[in-house]
Amino acid sequence: MSRVQKYQRKIKKYLSKLSKIKFRDKLDNLILRIGISSPPIEFDLVDTHVRELIFPCNLGVLFCGKFENTLFEKARNELDKIFDSFFYHVSNLGEFKFPIDVLSRGIKKEFKEVDKTKKKLEMHPTNKFYQILINNRIKNKLDMILAITDLPIYSSSNNDIIFLFGEANLKHRSCVVSSLKLKEKFYNRAKNKNLFEWRVIKEIIHEIGHLILGLEHCANNSCVMRFSREIEEIDVKSIKLCEECNLKLKKVRKSFNI
Ligand SMILES: [Zn+2]
Ligand SMILES: [Zn+2]
């Protein structure tokens, strides 16, 4: 046997050993976590009406995708309860559809982590939503605006988080909540409308909470201002602010005399 043949045999042996120690599983996990990302395309945010938020204010809710009409009413009820007297008007801005050329920009492809078929998700940058929100906020003379979308989203400013439930932009008084990962269907489980709506509303309260209280997260497990990376963390937390966050809210309330 030649030297080359000897090495070839050795390499073959190592390769078969590697395949037995679940190397592929480990590699798959790594790829799942990293995903496939194309360089993000920047959307320059143009805002001609940047100014400080004054409370009470008016809030608009824009739907990017198909949602049941009842969702808006339920969300408004909870917003009124938790942020009582912060909004003098909460309006439903209806459904918005991205023009095709805008929709296709800035897409990042990531593997769906719970899907064994290795299907890729096309995720959209949050900046894409902020520009639409800024335009709609100005057009409708609103102080604050929220988008609820069924599209998966990634953060334009934070590369550490691959798939977001939502994000707030304080400067532009805008926030976005993505509903896709809040559906039981996403985890290959049976549809649960109540649970889905409850999760969406929790995330709405969380993002609006940021626009009022700032970007800091709360360490309390049951507080709505706790950061959630996984769906289980959303289900564990309540829809309400904890005592500490409520004190912060009181301070804001006091500073605006409301
Ligand atoms: Zn947050
Ligand atoms: Zn809290």
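Which strand does strand 1 pair with, in which sense, and over how many bridges? Keep that in mind for a moment, everyone, while I introduce the structure. What you see above is a predicted model. The protein chain has 258 residues, and 31% of them count as buried. Its secondary structure comes to eight helices and eight strands.

Now, back to the opening question. Strand 1, residues 57-64, pairs with strand 2 in the parallel sense, and six bridges join the two. If you would like one pair to find on screen, take Asn-58, whose bridge partner in strand 2 is His-89.

These two strands belong to an open sheet of five strands, in the order 2-1-5-8-7, with mixed pairing. Follow that order from end to end, and you meet strand 2 (87-95) at one edge and strand 7 (166-169) at the other. Each of these has a single partner strand, so one side of each is left without a neighbour in the sheet. From one strand to the next, the twist averages 15 degrees.

What packs on this sheet? Helix 6 does, and it touches strand 5 (144-149), strand 7 and strand 8 (174-178). The direction of helix 6 makes about 160 degrees with that of strand 8.

Let's move to the other sheet I want to show you. Three strands form an open sheet in the order 3-4-6, again with mixed pairing. Here the edges are strand 3 (108-111) and strand 6 (153-154); each has a single partner strand, so each has one side without a neighbour in the sheet. Strand 4, residues 120-125, pairs with strand 6 in the parallel sense over two bridges. You can look for His-124 there, standing opposite Ile-153 in strand 6.

Next, the inside. In soluble globular proteins, nonpolar side chains tend to be buried together. How many residues does the largest nonpolar core have in this model? The answer is 49, and among those with the most contacts inside it are Leu-59, Leu-133, Leu-146 and Ile-208. Helix 6, residues 193-213, gives this core its largest share, with seven residues.

Let me pick out Leu-133 from that group. Setting aside neighbours within four places in sequence, Leu-133 is in contact with Leu-62, Ile-145, Ala-147 and Ser-174.

One last number, about the chain as a whole. Take the contacts with a separation of 6 or more: residues 24 or more positions apart account for 67% of them.

That's my tour, and thanks for listening!

Terms used: Residues are numbered from 1 along each chain as its sequence is written. Chains are lettered from A and ligands numbered from 1 in the order in which they are written. This is a predicted model: local features need pLDDT of at least 70, side-chain atom pairs count only at pLDDT 80 or more; totals for chains, interfaces and linings use all residues. Two strands pair if DSSP finds at least two bridges between them. Helices (H or I, at least four residues) and strands (E, at least two) are DSSP runs, numbered from the N terminus. A nonpolar core is a set of buried Ala, Val, Leu, Ile, Met, Phe, Trp, Tyr and Cys residues joined through C-beta atoms within 7 Å. A residue is buried if 20 or more other C-beta atoms lie within 10 Å of its own, exposed if 12 or fewer, and partly exposed in between; C-beta atoms are placed from the backbone. Two residues are in contact if their C-beta atoms, placed from the backbone, lie within 7 Å. Axes are lines fitted to C-alpha atoms, for helices over the stretch in contact, and angles run from 0 to 180 degrees between N-to-C directions.
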